[in-house]
Amino acid sequence: MRDTAVQTHPSLALHRPRWSRARLRRHAVPWLFVLPILLINLLVVLGPAVAAVYYSMTDWSGIGAADFVGLANYQELFFEDPSFLSAFVHNVVWLAMFLTVPIAMGLIAASLLAPIRRGALFFRLALFIPYVLPSVVVAHLWSSLIHPDRGVVGWLNERGVPGTDIALLGRESTVLPTIAFIDNWRWWGFLMVLFLAGMQNIPPDLFEAARLDGANRWQEFRDVTLPGIRPVLVFMILMTSIWSFLTFDFIWIITQGGPAGASEVLSILVFKNAFQNFEAGYAAAIGITMSLFVGVVISIFVVLRRRGWEI
Amino acid sequence: MAKRAGPQQLAAVLVFVLLVPVAAISGGSLATRAQDKSTITMWLDSTSGSETAECRIAAAVDPFNAQSDSVMVEPRLQPNRWQATQTALAAGEGPDVVYTPGPAFATQVTEAGQFLPLDAYAEQYGWNERFAPWALDLGKSDGVLYNIPNQVETLALFYNQTLFEENGWQPPTTIDELAALSEEIAAAGIIPFAHANQEFRDANEWFIGEYLNHVAGPENVYAALTGEKPWTDPEFVDAISALNEAQQNGWFMGGVDRYYTTTFADANAALAAGEAAMKIEGSWTVADLNTFFGESGSEWGWVPMPSTSGDAIYDLGIGSTVSINANAENPDAVAEFIDYLFTPETQARLVVECGDSPASVPLEEDALAGIDPQYAEILVAQNEASAAGGYGYTVWTFFPPETRTHMIENIERLWSGGMTVEEYLQDVQTTFDQEVADGAVPPIPNRSLTG
């Protein structure tokens with residue numbers, strides 16, 4: 001019975017809707033539209049990515065031929081090179097700072113600005129403007145401002161204000177948090193604008209209902225605002241985590257990783273190995289490792305989402 | 001209603017009609033001339049602005065293009081030229097005339113087979129007679145010439161002469177005198193050395209190189225570079241200890257944190273204002289000194305960097321090298337331009353008009369008329385040192401790249417107490433041994449070679 005059910009009459013086979021034109025169009029046409037970008041992606045993303053994996057297992061100097069060395073670069077990276085571990089720790093510290101300070105500042109400022117109607121544009125612009133300034137300008141501006149012999153801090157130092165005689169960017173204990181502060185000064189306004197946009201999409205009825213239920217400002221923020229902007233918040237936490245492993249510009253401009261490697265992060269190591277030490281294969285191994293760290297962060301988000309977390 | 005053309009409009013039309021054929025003829029002939037010439041490319045670094053690059057074009061490229069019947073050089077301003085060049089060479093591209101930041105970098109590119117041998121051109125154009133032998137030796141790999149060393153530089157002790165005269169201080173000649181004077185200057189509430197590395201961490205290598213050559217002696221540095229002596233020997237321990245002591249005493253800009261966060265402009269301003277007394281730096285600083293001292297009304301002076309023996313030692317550095325890209329379509333044309341670039345006349349123009357350091361070619365004294373007299377003195381002294389073979393070895397010229405990076409970075413760990421002098425030198429030795437095995441050490445000219 002089963003056999004007969006699956007058998008098809010020869011005449012019917014002839015008239016089978018032959019991957020009918022409509023069906024073909026439905027399935028194939030979208031692929032045709034996607035094909036150009038897919039090809040470009042293969043060429044400029046997947047190709048170099050595969051090449052980077054290959055070069056990470058060679059002794060390539062960055063120019064000329066490369067000899068395959070297997071996992072020797074990774075062995076050196078994980079077991080012999082203390083600067084790698086040190087740079088990784090700095091990236092983790094950087095991540096911790098950027099997952100807390102700017103996000104908290106952005107949330108607080110956005111929730112304070114959200115109810116403001118008069119002069120709202122002025123405040124938003126004022127807080128957003130640092131984000132459009134080039135990082136090289138911001139870096140030099142702040143390096144001068146906080147220098148104990150010039151700028152605002154220098155002026156205070158001249159007048160004997162305690163604690164202003166410290167070159168924050170010249171001490172190993174303070175250099176990384178100081179650069180993070182400068183980078184954050186530029187970054188948090190952008191977060192604030194995103195959070196503000198998210199808050200303005202929350203239906204006002206929800207706030208009204210919360211107030212009718214007797215919620216105070218904190219309860220309103222915790223139970224209405226935060227859930228309302230969760231997609232934006234989670235996305236920015238994810239992106240901040242990724243960018244924290246890739247950070248380069250401010251550190252390079254201000255200290256180039258110094259003093260004594262106290263602000264050296266993985267991307268600085270990649271640059272130095274690739275362009276100063278002629279160790280492009282080793283630099284590729286560091287780059288691949290950075291990608292793995294980022295992959296781990298993304299995987300955590302994916303797993304949590306699959307487990308039902310609304311993120 | 002149509003307007004009638006007035007006399008002025010008619011005159012304008014007439015001028016246009018007359019000029020078009022003239023422009024077409026002259027433009028056509030120019031175009032034809034340009035087409036007849038082989039076009040070669042070169043990149044000029046414009047990371048710190050385009051002024052110097054444009055000056056070099058005016059002093060070297062434009063005159064060459066005007067006088068050559070067969071070659072046309074197309075210059076391009078390129079920020080971060082070295083990084084761009086590395087990337088382009090890796091892709092089999094890049095300019096025909098390739099610049100590297102020095103022999104250590106050039107060696108790597110040569111090993112990768114990206115440069116053409118120059119021996120035939122050296123023969124054809126007489127470069128072997130024109131350049132100091134030690135300089136051409138630096139451009140060789142396995143005895144074959146690939147790179148022409150450009151911009152020979154040296155370092156010296158610069159000081160605020162007015163401040164010295166006011167305080168009755170004498171410029172030191174020995175390392176002991178330098179240390180004693182530094183103590184005296186610091187006791188007077190003045191910063192002994194206007195040293196800083198905020199904008200350029202690699203500035204550390206200036207002081208490492210000076211202390212190695214002037215405390216341990218250039219013969220010992222030569223022996224270590226050629227593998228006849230380990231870097232961990234007591235002479236080098238003494239040298240690095242002396243450098244560490246200077247930093248720990250707060251002699252460099254008043255303390256290590258200030259050293260890391262002061263710009264060159266602020267350091268020069270402090271020196272000119274008499275807030276600092278001296279600085280060890282390369283001959284390239286003369287233009288800045290003239291600017292800052294000109295504003296302050298004080299005078300600056302210079303002496304050779306003091307040494308243990310009291311002998312004048314000039315550490316030689318090569319600011320860049322010039323080579324022919326292995327993928328150049330017309331290497332003969334590139335060689336013709338390189339020959340022109342290194343004629344004494346072109347080098348003199350680059351020195352006088354752009355403040356460049358010259359290559360190791362003989363320069364006529366008349367051709368250098370107009371340059372700062374103290375700069376002229378330094379050039380003469382460095383040329384004499386190079387000719388006599390009694391020179392020292394700068395880190396960026398004679399040390400392999402990874403050893404150089406370790407030296408620059410770990411000296412900060414030493415200064416911060418994270419390393420001892422012995423650990424620092426052991427790391428130098430380990431890294432150097434590895435680079436010797438990898439063939440990454442630049443060719444060290446035989447010390448007996450003289451100009």
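Q: How many residues does each chain bring to the contact between chain A and chain B?
A: Chain A gives 20 residues and chain B gives 23 residues, where contact is defined as C-beta atoms, placed from the backbone, lying within 7 Å. This is a predicted model, in which local features need pLDDT of at least 70, side-chain atom pairs count only at pLDDT 80 or more, and totals for chains, interfaces and linings use all residues. Residues are numbered from 1 along each chain as its sequence is written, with chains lettered from A in the order in which they are written.

Q: What makes up the side of chain A that touches chain B, by class?
A: That side divides into 7 nonpolar, 10 polar and 3 charged residues. Here Ala, Val, Leu, Ile, Met, Phe, Trp, Tyr, Cys and Pro count as nonpolar, Asp, Glu, Lys and Arg as charged, and the others, Gly among them, as polar.

Q: Why are α3(A) and α15(A) called oblique to each other?
A: Helix α3 (residues 21-55) of chain A and helix α15 (residues 280-306) of chain A pack at an angle of about 120 degrees, with their axes 8 Å apart. Angles under 35 degrees count as roughly parallel, over 145 as roughly antiparallel, 65 to 115 as roughly perpendicular and the rest as oblique. The pair is therefore oblique.

Q: Which residues make the contact of these two helices?
A: A:Ala52, A:Val53 and A:Tyr55 come from α3(A), while A:Ala280, A:Gly281, A:Ala284, A:Gly287 and A:Ile288 come from α15(A). By class, this contact has 6 nonpolar, 2 polar and no charged residues.

Q: What does B:Ala239 touch?
A: Leaving aside residues up to four places away in sequence, B:Ala239 touches B:Tyr211, B:Leu212, B:Val215 and B:Ala216.

Methods: Axes fitted to C-alpha atoms, helices over the stretch in contact; angles between N-to-C directions. Helix = DSSP H or I, 4+ residues; strand = E, 2+ residues; numbered from the N terminus.
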